[in-house]
Amino acid sequence: MIIVPEREIAGLISAEECFEAVEAVFAAMARGEAWNFPVVREAIGHADALYGFKSGFDRAGLVLGLKSGGYWPGNMARGLTNHQSTVVLFDPDTGQARALVGGNLLTALRTAAASAVSIRHLARKDARVLGMVGAGHQSAFQLRAAVRERDFEKVVGWNYHPEMLPRLAETAAELGLPFEAVSLEELGAKADVIVTITSSFEPQLLDAHVRPGTHLACMGTDTKGKQEVDPTILGRARVFTDEVAQSVSIGEAQHAVAAGLIGGGDITQIGAVIAGLAPGRQSADEITLFDGTGVGLQDLAVAARAVEIARARGVAVEIDF
């Protein structure tokens, strides 16, 4: 058994390596070479915690496993992060447990990588202003990943709690970009690419805020009932996602589907664009929207890459099991 502890992840795998792993597994999904299995997510009736599993098999990359974990709201008081996860990888030839990998930081990195993949394949080439809706823990990861994909000249941001916006300002400054705190109306008017990363259960960004030619990466909605944007936006956009089944059931598209504005057949897997099986952006005025629901195969892909690097650098712990 190979163990890659959480403490090693930060210095182990780069944003670019996460991007490559996520992009490759999205393409494998579209080609029918990788599958996600049904998600389990339940309240356990203790510590107000949500616990669950995401799992799958990538036949192209020969990666089999699961991510287990969830949300423990009391962890901050214990000096721990509320989101806790661990990835277990298995040998697809024998079924033997192969690796145990800390999944907390990897979850943030793979989520940011997914939105960056959408920006690379769907945003206008001349996009110059990045809009950020949300300033929580994952926002800094999202901002860093997005800036790698276009020559942005400015970042504009909005958060329900404006006192949290310095996180975005500091991250933008690290990247050498000016930052401006704006209203949602101003954000939509200025931004060429908008990343939403909130835990909202009602729309923040409205249809009137979004102008033609914008690319949106909606990354916060991963549970039934969550919602970040006006469903009408999806009705007039070309909608892409990591996995259609999750998009219509627990992703941002759940609300547009329920309202009859779009159906599952109107949503394209981002992997199909990557693999050349479907067109991406088709005009400068088109609105494109990526519904990033977060699939188990993303976690497995970045964890498998982390294991490879850890073994090569001699930081993996190996034990008989």
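Begin the tour by displaying the rings of the aromatic side chains: this predicted model holds three aromatic pairs.

Select Trp35 and Phe57 as the opening stop, where the two rings form a stacked pair with 6.1 Å from centre to centre and 20° between the planes. Colouring by secondary structure then places Trp35 in strand β2 (residues 34-36) and Phe57 in strand β4 (residues 50-58), so this contact ties together parts of the chain that are 22 residues apart in sequence. With a surface shown over the pair, compare the two partners: Trp35 has a relative accessible area of 36% and is partly exposed, whereas Phe57, at 18% relative accessibility, counts as buried, because the cut-off for buried is under 20%.

Next, stay on strand β4 but move to Tyr51, and add Trp72 to the selection. Tyr51 and Trp72 make an edge-to-face pair, in which the centres are 6.2 Å apart and the planes stand at 70° to each other. Here too the pair links distant parts of the chain, since Tyr51 belongs to strand β4 while Trp72 sits in the loop between β5 (63-71) and β6 (83-90), with 21 residues separating them. As for their surroundings, Tyr51 counts as partly exposed at 32% relative accessibility, and Trp72 is also partly exposed, with a relative accessible area of 22%.

For the last stop, keep Tyr51 and Trp72 selected and add Phe53, which ring pairs link with Tyr51 and Trp72 into a cluster.

Technical notes. Residues numbered from 1 in each chain as written. Predicted model: local features only at pLDDT ≥ 70, side-chain atom pairs only at ≥ 80, totals over all residues. Heavy atoms only, no water. Phe/Tyr/Trp six-rings, centres within 6.5 Å; stacked < 30°, edge-to-face > 60°. Helix = DSSP H or I, 4+ residues; strand = E, 2+ residues; numbered from the N terminus. Buried < 20%, exposed > 50% of the residue type's maximum accessible area, 1.4 Å probe, protein only.
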